[in-house]
Amino acid sequence: MTDKKTTSVKVFAPAKINLTLHITGQRDDGYHLIDSLVAFASVGDVVKIGPGEAVSLKINGAEGDGLSADADNLILKTADIFKTDQGASFTLIKKLPVASGIGGGSADAAAAFRGLVPLWAEHDGKVLSDDLVAETEALAKLGADIPMCLFSAPCRATGIGNKLQMIETFTPVSALLVNPRVAVSTQDVFKSLKQKDNAPMLDALPQFTHAADLAGWLKDQRNDLEAVAKEIAPVIDDVLNALNDTDECLIARMSGSGATCFALYPNGETSDQAAKVIRKEYPDWWVKSCMLGDQSARSMPKVS
Ligand SMILES: C[C@](O)(CO)[C@H](O)COP(=O)(O)OP(=O)(O)OC[C@H]1O[C@@H](n2ccc(N)nc2=O)[C@H](O)[C@@H]1O
Ligand SMILES: Nc1ncnc2c1ncn2[C@@H]1O[C@H](COP(=O)(O)OP(=O)(O)OP(=O)(O)O)[C@@H](O)[C@H]1O
């Protein structure tokens, strides 16, 4: 048997992209009901977990400045759920902008959870996986986007984002993600939203065989948070204009509560070329050419 105290785990935490985000109601506790088509990007954070006497967190990476490594960090909150006295030293390589509508914190929490299961597989003679249902429920309470990030695969999310219908037939598409480096608070956007009972998507979603199909369909769908987010961060309009101006852009929309926007392209060459153009004009923006689709295989913990 391997010595679990010396095991190290590395987990990819991909960005979540809300291709659509229809807000269809509000619960009595204030949380909003959503109907959202979600895919996961080939760009994301990396969570490394090594042995440690206590639970600790160190943050590296280009987007790590200003993100606190204290008890409020979703990685430490996730470790707390397991209620063991085992240690773990986390290193977060933060590559996704914070508070940017692409679920970075939720992705980190989900990655930490996936990584801790093999690291802490057994403790005090008790198999951790026996408790996973209760622990997964506790994890979901840390953030509405966490359940979808646990799967990191295309899905339709309803409820408050906790009811997931997986879409196994989703065809991967080339995309460009752009964030103008303006943090937008999800809570502020929801608080400013006035119209809460918008139409959901149709019951049956079409099957998309290429990016142009998906983009054509998205033109009739919405992100109901986009208008409110633009009032809070008018630069979102500049991002959408910049994306729409690039060659062969099929559609440009905002993800989540913003300010990150995505655009779809026919292939990787066209999204790479658009990235070059936007980076040249806006050198301070965060610009990533990527694939959107199923990242579940890449997101499995790599144990060494
Ligand atoms: C906008 C989305 O990213 C779409 O996927 C999510 O709905 C937000 O997910 P999240 O950032 O993980 O959200 P949480 O951290 O749970 O909540 C942040 C704040 O957003 C509001 N919130 C969140 C989710 C939801 N379905 N309704 C809400 O009203 C709540 O006021 C909460 O105080
Ligand atoms: N590991 C983490 N990474 C990013 N943010 C974190 C983390 N832990 C806690 N937070 C806090 O969570 C808040 C939301 O950050 P996050 O990057 O997840 O926002 P977001 O991309 O807008 O999320 P969503 O799309 O789920 O609304 C931030 O204000 C940040 O302080």
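Which loop holds Ala259? The views below get to that residue after a look at the whole chain, its two domains and its two ligands.

**View 1. The whole chain, a predicted model.** Start zoomed out: the chain carries 9 helices and 14 strands. Its C-alpha trace spans about 55 × 45 × 35 Å along the principal axes. The radius of gyration is 19 Å, and a compact globule with 304 residues would come out near 19 Å, so the two agree. Of the 304 residues, 43% count as buried. If you like contact maps, residues 24 or more positions apart make up 77% of the contacts with a separation of 6 or more.

**View 2. Where domain 1 meets domain 2.** The chain splits into domain 1 (4-164) and domain 2 (170-293). Their C-alpha centres sit 23 Å apart. Across the boundary, 28 residues of domain 1 are in contact with 36 residues of domain 2. On the domain 1 side, the elements that put in two or more residues are β1 (9-18), β2 (22-26) and β3. The largest share of that side is from β3, with 8 residues. Sorted by class, the domain 1 side that touches domain 2 has 15 nonpolar, 11 polar and 2 charged residues.

**View 3. The shell around ligand 1.** There are 19 residues around ligand 1, and the ones that come nearest are His32, Gly143, Ala144, Asp145 and Gly256. Two elements to pick out here are β3 (32-50) and α5 (186-192), each of which supplies at least two residues of the shell. By class, the shell has 6 nonpolar, 12 polar and 1 charged residues. Why does ligand 1 count as lying between the domains? Domain 1 and domain 2 both give residues to its shell, so that is where ligand 1 lies.

**View 4. The shell around ligand 2.** Here 20 residues surround the ligand, and the closest are Leu74, Gly104, Gly105, Thr186 and Gly256. Both α1 (74-81) and α2 supply at least two residues of this shell. The most comes from α2, which gives 4 residues. The class split is 7 nonpolar, 10 polar and 3 charged. Domain 1 and domain 2 each provide at least three residues of the shell around ligand 2.

**View 5. Helix α2, end to end.** Helix α2 covers residues 104-119, which is 16 residues. From its first C-alpha to its last, α2 reaches 22 Å, close to the 22 Å expected at 1.5 Å a residue. Is α2 mostly enclosed or exposed? Of its 16 residues, 14 are buried, so α2 is largely enclosed by the rest of the structure. When you follow the side chains around, bear in mind that an α-helix has 3.6 residues a turn, so residues three or four places apart point the same way.

**View 6. The cis peptide bond at Ala259.** Back to the opening question: Ala259 is in the loop between β11 (251-254) and β12 (261-265). The peptide bond leading into Ala259 from Gly258 is cis, with omega near 5°. For context, most peptide bonds are trans.

**View 7. Positive phi at Ser152 and Glu248.** As background for this pair, most residues other than glycine have a negative phi. Ser152 has a positive phi, near 50°. You'll find Ser152 in the loop between α4 (146-151) and β8 (155-158). Ser152 has 28 C-beta neighbours inside 10 Å, so it counts as buried. Now move to Glu248, where phi is also positive, near 65°. Glu248 is in the loop between α8 (235-244) and β11. With 16 C-beta neighbours inside 10 Å, Glu248 counts as partly exposed.

**View 8. Gln207 and its partner in a distance check.** Gln207 sits in the loop between α5 and α6 (211-218). Is Gln207 buried or exposed? With 10 other C-beta atoms within 10 Å, Gln207 is exposed. Draw a line from Gln207 to Val55 and you get 45 Å, C-alpha to C-alpha. In sequence, Gln207 and Val55 are 152 residues apart.

Technical notes
Residues numbered from 1 in each chain as written. Chains lettered and ligands numbered in written order. Predicted model: local features only at pLDDT ≥ 70, side-chain atom pairs only at ≥ 80, totals over all residues. Near = placed C-beta within 6 Å. Nonpolar A, V, L, I, M, F, W, Y, C, P; charged D, E, K, R; others polar. Domains from an automatic or database assignment. Rg over C-alpha atoms; globule rule 2.2 N^0.38 Å. Buried ≥ 20, exposed ≤ 12 C-beta atoms within 10 Å, placed from the backbone. Contact = placed C-beta atoms within 7 Å. Expected span 1.5 Å × (residues − 1).
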